[in-house]
Amino acid sequence: MSGSRSDAVHAPQDCEPPHMNMSTDQSTTTAASTLSSARNTVFSALVGISAVAVLLQGLWAGVFLEHDGQRDAAGSWIDVHARGADAAIAFAVLGTAYALWKRRTRKDLWIGGLVFTALLIAESYIGGQIRDASKDTLTAIHVPLAMAIMGLAVWLPVRARRTS
């Protein structure tokens, strides 16, 4: 009998069971989370390389500061210090550009990257003034600014790990 009561109670066989929809939703969420994590990893790596360059700045400064007052004796280490600043700026620019391009919804990352890059450029300018114009009094700004930059260099990759 085609119109029997038992036929009306059973669902058609071509309908998808409810548990299939949950599985699809979970795999979509997992894929999106993995992609987001990979994008954050790229940003963290670029900023992390810049952070290593910033950390090495302190080491190189310590090496040439032992020749305090004798710029000629420390010239090569001052040059290494300057090239390290260039590398830090380059990787900060790359990280910031990546955040603007791929992580635009994460304002904390690209704004933090812009601030990080701007501070590195200002720090490099101040360092140039100390070396090229013999404005040694700017060291009182240069060193504390370097500490603030290092803090930001650590904070940015940690912040990138957040999923929001």
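A salt bridge here is a side-chain nitrogen of Lys or Arg within 4 Å of a carboxyl oxygen of Asp or Glu. The exercises below apply to a predicted model.

**Exercise 1. The salt bridges of Asp108**

Task: Determine which residues form salt bridges with Asp108, and how they are connected.

Solution:

Step 1. Place the residue. Asp108 lies in helix α4, and its relative accessibility is 19%. The cut-off for buried is under 20%, so Asp108 counts as buried.

Step 2. Test Arg106. The closest N and O atoms of Asp108 and Arg106 are 3.0 Å apart, and the two residues form a salt bridge. Both Arg106 and Asp108 are buried.

Step 3. Test Arg159. The side chains of Arg159 and Asp108 also meet in a salt bridge, with an N to O distance of 2.6 Å. Because Arg159 belongs to helix α5 and Asp108 to helix α4, this pair ties together parts that are 51 residues apart in sequence. Arg159 is partly exposed, at a relative accessible area of 22%.

Step 4. Combine the pairs. Salt bridges with shared partners join Arg106, Asp108 and Arg159 into one network.

Step 5. Check the surroundings. Apart from neighbours within four places in sequence, Asp108 is in contact with Trp155, Leu156 and Arg159. The C-alpha atoms of Asp108 and Ala160 are separated by 8.5 Å, although these positions lie 52 residues apart along the chain count.

**Exercise 2. A salt bridge within one helix**

Task: Describe the salt bridge between Arg83 and Asp86, and state whether each residue is buried, partly exposed or exposed.

Solution:

Step 1. Take the distance. The side chains of Arg83 and Asp86 meet at 2.9 Å, N to O. This is a salt bridge because the cut-off is 4 Å.

Step 2. Locate the pair. Both Arg83 and Asp86 are in helix α3, three residues apart, which is about one turn of the helix.

Step 3. Classify the exposure. Arg83 has 51% relative accessibility and counts as exposed. Asp86, at 36%, counts as partly exposed.

Step 4. Put the pair in context. The salt bridge count comes to four.

**Exercise 3. The largest nonpolar core**

Task: Identify which residues touch the most other members of the largest nonpolar core, and which helices supply it.

Solution:

Step 1. List the residues. The largest nonpolar core has 23 residues, of which Phe43, Val54, Phe116, Leu120, Ile149 and Leu156 touch the most other members.

Step 2. Assign helices. At least two residues of this core come from each of α2, α3 (71-102), α4 (107-132) and α5 (139-160).

Step 3. Follow one member. Not counting residues up to four places away in sequence, Val54 touches Ala88, Phe116, Leu120, Ile149 and Met150.

Step 4. Recall the general tendency. In soluble globular proteins, nonpolar side chains tend to be buried together.

**Exercise 4. Val52 and Gln57 in helix α2**

Task: Decide whether Val52 and Gln57 are buried or partly exposed, and describe what surrounds each.

Solution:

Step 1. Locate both. Val52 is found in helix α2 (residues 18-65), and Gln57 is also in helix α2.

Step 2. Classify Val52. Its relative accessible area is 47%, so Val52 is partly exposed. Val52, Leu56 and Leu59 make a nonpolar surface patch of about 250 Å².

Step 3. Classify Gln57. At 12% relative accessibility, Gln57 counts as buried. Leaving out residues up to four places away in sequence, Gln57 touches His81, Gly84 and Ala85.

Key:
Residues are numbered from 1 along each chain as its sequence is written. This is a predicted model: local features need pLDDT of at least 70, side-chain atom pairs count only at pLDDT 80 or more; totals for chains, interfaces and linings use all residues. Side-chain values use heavy atoms; hydrogens and water are left out. Patches are made of residues with over 30% relative accessible area and no salt bridge: like charges are joined within 9 Å, nonpolar side chains (Val, Leu, Ile, Met, Phe, Trp, Tyr) within 5 Å. Accessible areas come from the Shrake-Rupley method with a 1.4 Å probe; for residues, only the protein chains shown count as cover. Helices (H or I, at least four residues) and strands (E, at least two) are DSSP runs, numbered from the N terminus. Buried means under 20% relative accessible area, exposed over 50%, partly exposed in between (1.4 Å probe, protein chains only). A nonpolar core is a set of buried Ala, Val, Leu, Ile, Met, Phe, Trp, Tyr and Cys residues joined through side-chain atoms within 4.5 Å. Contact means heavy atoms within 4.5 Å.
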